[in-house]
Amino acid sequence: MFAKRISIEQVEEGNELAPKFDAEGLLPCVTTAADTGEVLMLGYMNEEALKRTIATGEAHYYSRSRKVLWHKGATSGLVQQVVELRIDDDQDAVWLRVRIPGDASCHVGYRSCFYRSVPTGNGEAPVALTFEEKEKTFDPKAVYGDAPNPTIL
């Protein structure tokens, strides 16, 4: 499915998909809402996740904390349907535009994984995060039950 990387011209200007995975075998993937452009999450794909995303039209990622392939929404039902998949100029990052039934993407229950902002310009004062999403889109306990939280301290 993926071409061998043979020249800069092929990678930057050609029509062959020749992704460059990092030393851990991963590509960063920015995922946005197809209709609004809102950033929903930043994930990572290994070769298998990228292949499955292309083949199925549903987002698959590689969980760095759990070390497993992850079909986004398989547990929650909040499957990300890919509207468009793009690769950047040197083919080492991916951008997905997705639609999600239930309109939520974050396992914490918010629409976006980027639900808090960080104030800038305050020197070195302690940083207090600001919640930009005032309420959750769904109740994580109701959706995930006793499934382990994927966040690793």
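**Figure 1. Where the charges sit in this predicted model.** Start with the charged side chains: there are 17 positive and 23 negative charges in the protein, and their mean positions lie 5 Å apart. As for the surface, the accessible area adds up to about 9600 Å². Carbon and sulfur atoms own 52% of that area.

**Figure 2. The overall fold, with three helices and eight strands.** Going along the sequence, you meet the elements in the order α-β-β-α-β-β-β-β-β-β-α. If you box up the C-alpha atoms along the principal axes, you get roughly 50 × 40 × 30 Å. Of the 153 residues, 30% are buried. Take the contacts with a separation of 6 or more: 45% of them join residues that are 24 or more positions apart.

**Figure 3. A look into the largest pocket, which holds about 1100 Å³ of space.** Its lining is made of 35 residues, and the ones nearest the pocket centre are Arg66, Trp70, His107, Pro150 and Thr151. Four elements are named as giving two or more residues to this lining: strand 2 (39-45), strand 3 (60-63), strand 4 (68-71) and helix 3 (140-144). Which element gives the largest share of the lining? That would be strand 2, with four residues.

**Figure 4. Lys67, a non-glycine residue with a positive phi.** Look for Lys67 in the loop that runs between strand 3 and strand 4. The phi angle of Lys67 is near 60°. Is Lys67 buried or exposed? Lys67 has a relative accessibility of 57%, so this residue counts as exposed, the cut-off being over 50%. The two strands on either side of this loop both give residues to the lining of the largest pocket.

**Figure 5. Gln91, another non-glycine residue with phi near 60°.** This one belongs to the loop between strand 5 (81-87) and strand 6 (94-99). Gln91 has just 4% relative accessibility, and because anything under 20% counts as buried, Gln91 goes in that group. One of the residues in contact with Gln91 is Val11, shown in the next view.

**Figure 6. Val11 and what it touches.** Val11 is part of helix 1. Its relative accessible area is 9%, so Val11 is buried, as the cut-off is under 20%. Which residues does Val11 touch, once those up to four places away in sequence are set aside? They are Arg5, Asp89, Asp90 and Gln91. Asp88 is worth picking out too: Val11 and Asp88 are 77 residues apart in sequence, while their C-alpha atoms are 9.8 Å apart in space.

**Figure 7. Trp95 and its contacts.** Trp95 is a strand 6 residue. Its relative accessible area is 34%, which makes Trp95 partly exposed. Leaving out residues up to four places away in sequence, Trp95 is in touch with Val30, Thr32, Glu84, Leu85 and Arg86. For the pair Trp95 and Leu85, the C-alpha atoms are 5.9 Å apart, with the two positions 10 residues apart in sequence numbering.

**Figure 8. Phe2, in the segment before helix 1 (8-13).** At 21% relative accessible area, Phe2 comes out as partly exposed, because buried would need a value under 20%. What does Phe2 contact, apart from its neighbours within four places in sequence? The list is Leu17, Pro19, Phe21, Glu47, Leu50, Lys51 and Ile54. Now try Glu132: this residue is 130 residues from Phe2 along the chain, and the two C-alpha atoms are separated by 39 Å.

**Figure 9. Asn15, in the loop between helix 1 and strand 1 (27-33).** Asn15 shows 78% relative accessibility, so it counts as exposed. Where does Asn15 lie relative to Val143? The two are 41 Å apart from C-alpha to C-alpha, and 128 residues apart in sequence.

Key:
Residues are numbered from 1 along each chain as its sequence is written. This is a predicted model: local features need pLDDT of at least 70, side-chain atom pairs count only at pLDDT 80 or more; totals for chains, interfaces and linings use all residues. Side-chain values use heavy atoms; hydrogens and water are left out. Buried means under 20% relative accessible area, exposed over 50%, partly exposed in between (1.4 Å probe, protein chains only). Contact means heavy atoms within 4.5 Å. Accessible areas come from the Shrake-Rupley method with a 1.4 Å probe; for residues, only the protein chains shown count as cover. Lys and Arg count as positive and Asp and Glu as negative; His and the chain ends are not counted. The place of a charge is taken as NZ of Lys, CZ of Arg, CG of Asp or CD of Glu. On a 1 Å grid over the protein atoms alone, a cavity is a set of points where a 1.4 Å probe fits but cannot get out, and a pocket is an open set with protein on both sides within 12 Å along at least five of seven lines; lining residues have an atom within 4 Å of a point. Grid points are joined across faces, edges and corners, and a volume is the space filled by probe spheres set on the points.
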